Amino acid sequence: MDVDIWAWVADTQRQLHEAGNTGLAIALGDLPAQVFEGRYAQLDVMAPAVAQQAESLELPWLEYFARYWHLLSRVGDRHQGAVAIGDADALIEFSRRADVKECPSAPAAIEALAVTQANTDGPGYAADRLAALGAALDDMAHGSAAFCGLAVQYVSALLDAGEQQQAIAYYESAVAGRRAADGQVSWELAAMGVRALLAVGRTEEALTELDSAKDFPADDPVAKPHREGVLRALVLATAGRPTPALEALPDLDVIGDHPRDWVEWAGAVRLLDQVIANTWQLGRVMRQWMGYYEAMGVHRGRVELALIGGHLAVGRKSVWQARALADLAETWTGDLRVADGVAERVAELRAAADAVTPLPAPGPQDELVAYFDAADGHNADPERWVGWLWPLSGTDLEATRRHATTLGFLGYAPLGADLLWKQIVDDADPATADPDDVGYLTGVLIEAEQDDRVERFAAMLPDPARHLALGRLHRARERWEQARDAAGESLKAGAEGGVALEARRLLAGAAQQLGDNAGGAAVLREVVESGASEEEDVWRMIVMATAAEDWALVRTGAEKLGMEIESTEGPIEEEWHLVRVVLPVSDGSRREVLSVRTGPATARLLIPQPRGMDYNAGDVIVIDPRPLEPVPDDPQEQESFVIPFSGVSMLRPGGYTSWFFDGAAPDEHDWTEFNEVLAERGWPMWVYSDENYTVTHPTSGERLQGVYGWIAVPPGVDSGELDAVLDDATERWVHPMAWLDLARSAGIEVERHERIIKEYGL
């Protein structure tokens, strides 16, 4: 984006603040940070909300800004492809509107579309990208801040078009023109030049270019370290220097969060397969990456990963997996616009797999199931077991169960589904199948996303099992009304034993999702009283009964678990221990709130929350009693550890109102007295500022330690009463404190608080 856009952002933020749109002003400044810092859950909520509000305020540049950054987050580090092309096209059209096209960042829409097309199928869209980018670059000065981003994509498109020499020539001219215009070359542009040099075999020059770019500014500064590491590892590995390449390569747990870099990282790993730990865990992760690419429409990327992963599987002597990946690559080739050379690469992979002698099984074929069951779950290699069990699978039911489960674990659920289908459906009568086998096959089909096959299979089953199989499918797809109805039909049809037990659990879970906690708790009560329940059933019953305020049933469940409740009737409102309650925020993030546990599945929030939140101090929340983190083993760590629980729903709002305060921090004595004054009244207060927050001395201009936070008051305490208490508590402080919103509400000394804010730069 052009530097002018940031001047516009600052000016727009000021205008929004002055107009009272503080939340929108803050969001405007935070959107780029959310992109670079990977706060995508928050961004996916915030950006569309900002765009919608900008549209209603008739601020088209702001709407464009929000839509652009949201799209960039999707096609940048998250590397979405075909699923984002429609939105990228729409952004192009929006950028051409008369009231938007003069925005300094309008050319960024062209770059975003090019990135999206490259993610989807680089060679397939190469000509389209070159045409659009070339037209934009023809009208752009080398000194424009938008130039580097467009030039990066132009070089990338030339490489995808097979024009390597032309890519190098354009890169060199772009760098020369940029420097002649006194502009800085971005790290991303230099990195694309490195890739161009690497493509024509000029490896040492590529390494020199990469070294020279080490201190270049990056468009994505947060991503630069790991992206530079991946590219450096690829160059060094290509140059035949495996040791420094391995040192440069980011770890799998680092790169796993960055889909944009998966193909390049995998390419480096393949070159280093003799010095890295080429394990089944690597194969499983790469198969998961392919699944992500499939969901995001990254057609070329999943083919590349399949081919690379297949050769790595050959290196592990996992012949079955290499062949399976060759089949997937061949199937996925149909989604490519240009498939030149892919068929030959698939054939090469198949030939490599055929040349491998698989590892011998650990025992006789008729004893492999016993060997499998006796294997060490921590050290056993599931890839090898898939190969060893394959000759038995589809003919021996016990072997097929284990084989299908292991295939699903490794990411090949459809293969397992085919084998189980043969065993249970094609070669037997599914109507007489064991309920466990019905559950196995249904689960594998659901995991393989073969919903039509689930429905076909269900139609072959007796009514209780048929309805339960469909209920499982509805639950997996979060169709809660259908799941509830199917579970109910299973019970009506006379479900017995394990089928009836699962149907009741499914019915209870669906009822909870639909807000019928009382109904769900009643269903689980039947399970608990039947004697067939597990501890998790009791806890789920307690949670639902708590949400329904069926305190007698909560006590029944607590007694079942051996928990002591002091009171014998009515609401359970005790003081147990401190916990952290994790609650959702409207912007998509989650927030931990220090609370006190008041019962088996309840906690009361202790910390005041900013205005506009869906909860506040004093609220009683239903919690999921399963800890989100394990209690540390170290006794010393246990002393300071506060267990986090997920908030489920609001049980009873406390009715507290929060008020903001801000100013220069007082000395320790005054601050202690201030806290005591509020604590005596039971008014929660929490400081949200940290040691880095400073304010300006009104006369000397020096920086003073600042403090800001929120005070929450219960129902019955009006703003005038709180204003009087704060005024009395702070009147002797060296520097005054401001609470403007409270003063406005009380109608007391509003001008004084406005003056404090201005003088101290609050």
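# Salt bridges, cores and a barrel

Student: What relative accessible area does arginine 484 have, and which exposure class follows?

Tutor: This is a predicted model, and the area computed for arginine 484 is 33%. Buried would require under 20%, and exposed over 50%. Arginine 484, at 33%, therefore counts as partly exposed.

Student: Which residue forms a salt bridge with arginine 484?

Tutor: The closest N and O atoms of the pair are 3.2 Å apart, and the cut-off for a salt bridge is 4 Å. The partner has 42% relative accessibility, so it too is partly exposed. That partner is aspartate 485.

Student: Which helix holds the arginine that pairs with aspartate 727?

Tutor: Aspartate 727 and arginine 752 form a salt bridge, with closest N and O atoms 3.4 Å apart. Aspartate 727 is partly exposed, at 30% relative accessibility, and lies in helix H34 (residues 719-730). The pair links distant parts of the chain, 25 residues apart, and arginine 752 is in helix H36.

Student: Of arginine 302 and glutamate 294, which is buried?

Tutor: The two side chains meet in a salt bridge at 3.6 Å, N to O. Glutamate 294 has a relative accessible area of 40%, so it is partly exposed. With a value of 4%, under the 20% limit, the buried residue is arginine 302.

Student: How many salt bridges are counted in the model?

Tutor: Side chains of opposite charge can pair when their charged atoms come close. Some salt bridges share partners, and one such network joins Asp373, Glu398, Arg401, Arg402 and Asp437. The count of salt bridges comes to 54.

Student: Which helix gives the most residues to the largest nonpolar core?

Tutor: This core has 91 residues, and those with the most contacts inside it include Val155 and Trp265. Leaving aside neighbours within four places in sequence, Trp265 is in contact with Val230, Leu249, Pro250, Leu252, Ile255, Leu282 and Trp289. The largest core takes ten residues from its top contributor, residues 147-160, which is helix H8.

Student: Which residue in E5 is the bridge partner of valine 582?

Tutor: Five strands close into a barrel in the order E1-E2-E3-E4-E5, with mixed pairing. Strand E1 (residues 578-584) and strand E5 (residues 644-652) run parallel and are joined by three bridges. Valine 582 falls within the residue range of E1, and its bridge partner in E5 is serine 646.

Key: Residues numbered from 1 in each chain as written. Predicted model: local features only at pLDDT ≥ 70, side-chain atom pairs only at ≥ 80, totals over all residues. Heavy atoms only, no water. Core = buried A, V, L, I, M, F, W, Y, C linked by side-chain atoms within 4.5 Å. Buried < 20%, exposed > 50% of the residue type's maximum accessible area, 1.4 Å probe, protein only. Helix = DSSP H or I, 4+ residues; strand = E, 2+ residues; numbered from the N terminus. Contact = heavy atoms within 4.5 Å. Pairing = 2+ DSSP bridges.
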